[in-house]
Amino acid sequence: MNIQTTDSSTLERVPAALREWLAKPRPMLINGKWVQAKSGKVFDVNDPATEMRLTTVAEGDAADIDAAVRAARAALDGPWGRMSPSVRGRIIHRIGDLILEHLDELAQLESLDNGKPFSVARVADVPLSADMFHYMSGWATKIEGKYIPISNLAAPGQYLSFTRPEPIGVVGQIIPWNFPLLMAAWKLAPALATGCTVVLKVAEETPLSALRLGELLMEAGLPDGVVNIVPGFGDTAGAALAAHPGVDKVAFTGSTEVGRLIVQAASRDLKKVSLELGGKSPNIVLEDADIDATIAGASAGIFFNHGQCCNAGSRLFIQEKIFDKVAAGIAANAEKIKLGVGMDPLTEMGPLVSEVQYGRVTGYLKSGMEEGARALTGGAAAGNRGYFVKPTVLVDTKPAMKVVREEIFGPVLVAIPFKEADDSLIAAANDTIYGLAAGVWTRDGAKAQQIANRLKAGTVWINCYHVFDSALPFGGYKQSGWGREMGQAVLSNYLETKAITSRIH
Ligand code: ADP
């Protein structure tokens, strides 16, 4: 059976082996086996550049989630739970190696499915995913408890107390479509390093790279049932996972709106929850900044990944004296960006991921103009096929406008002038329900640190933007989330602490 129907503009650019992989309906991974949905249902996965079908994928629902959770529990109580940290670490490291061995193939899948340029996926998404497994593999042998000197007044010196960190158990992980492989890596690697087992619900828009990763996980020697991957829709598979009584913890990345639903679903059994949600990040440019570096950095801050980053620098505060120059420089950069099919080597920006996102982003553009904003460049969709939107710079905005307040999740920058780097600037930058990231551009190092300290954000970049590292914690203040991804900090998302005290006298 040949499923793919998308046209030559994309498929001719990928190797025959990948076309063959796509030509089969893709099953889900439960208990180490590749199976179809219990309902027999499948859903279409589309190429956002052509709006045509790439393949079909098994559509998991509550019954498949239940089977996956049971498999994860059995694996936790079975070989995985008994495996030495060193062997576990080696398997996790091998996963990272296998990702790098399949660099091109994974980047091609990511490009076809999500729309992002192959050239970007090849240097960003895929190597960063591998690095996350490599980095986390080292933690498997370093999750240590502590000796605690207790005072116990009634019987001093009679007890020995220490803590023993233990895996939290079966983890339900729900991920979005903007960095499909990387989000899977951010979630899976720390869960495995801490000894948890997982049911991963991938985004319905972009299930393919995680399914291919599932094949590599098995090749790396992960025991059956340690990671189960169930594609499906949010209100069926996702909701069933968040509410399943056999799940000890839910880790979610996605919209703040759905984050609330996850918390509600998980609240019945008071499951532990970590959330990485939306953002409307301020990026602040002082008049003494290096103008060329700032224009390049602020452009990347908003346009990287087509603006589909929760941490995108979407509110650019520019000091009045240099406002016109910086805004015009970014607009000029936006005009030079070459839109196209992700697999075309000349493409710098692909389509948005889906028709829904296309509608959402163009809706925001319309609302911005209706409320009085002006597009220095862009401001509309591009082309007559695929979900392309022109990179846009909006000026003449007011603080109450929807384009200023709400997360657009597209290539749309709001440029806002300010007079002085004083309390009113900090107040404006922090005037958002979100608190994920922020940027500061200035040659004055002390001032940059003062501003960074006052921004309510989980990450602050100074004279740079979008600098991520497996070792650096990432996550949000306020409604941008609970807990941190990556670094040593993420481990606490997946661990319980047991205090053990024994009488020794
Ligand atoms: P976006 O709006 O960017 O598409 P979402 O927050 O809607 O992001 O989706 C992120 C992930 O959450 C996806 O895997 C999606 O299927 C899932 N999801 C959506 N709705 C729910 C829900 N009610 N319960 C659990 N998961 C959901």
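This passage describes the surroundings of the ligand and the aromatic pairs in a predicted model. Local features were required to have pLDDT of at least 70 and side-chain atom pairs pLDDT 80 or more, whereas totals for chains, interfaces and linings use all residues. Residues are numbered from 1 along each chain as its sequence is written, and side-chain values use heavy atoms, with hydrogens and water left out.

The ligand is surrounded by 17 residues, of which Ile175, Trp177, Lys201, Glu204 and Ser255 come nearest (a residue is near if one of its heavy atoms lies within 4 Å of the molecule). The residues of this shell comprise nine nonpolar, five polar and three charged ones, where Ala, Val, Leu, Ile, Met, Phe, Trp, Tyr, Cys and Pro count as nonpolar, Asp, Glu, Lys and Arg as charged, and the others, Gly among them, as polar. At least two shell residues are supplied by each of α11 (234–243), β10 (249–253) and α12 (256–267), helices (H or I, at least four residues) and strands (E, at least two) being DSSP runs numbered from the N terminus.

For polar contacts (pairs of N or O atoms within 3.5 Å), an oxygen atom of the ligand lies 2.6 Å from a side-chain N or O atom of Glu204, with corresponding distances of 2.7 Å for Ser255 and 2.8 Å for Trp177. Of the 550 Å² of accessible area that the ligand has on its own, the protein covers 86% (Shrake-Rupley method, 1.4 Å probe).

Nine aromatic pairs were counted, with ring centres within 6.5 Å and planes under 30 degrees apart taken as stacked, over 60 as edge-to-face and the rest as tilted. Trp177 and Phe409 form an edge-to-face pair, at 5.4 Å centre to centre and 90° between the planes. This pair links distant parts of the chain, 232 residues apart.

How values were computed. A polar contact is a pair of N or O atoms within 3.5 Å; within protein, one must be able to donate a hydrogen and the other to accept it, and residues adjacent in sequence count only if both atoms are side-chain atoms. Rings of Phe, Tyr and Trp (its six-membered ring) pair if their centres lie within 6.5 Å; planes under 30 degrees apart count as stacked, over 60 as edge-to-face and the rest as tilted.
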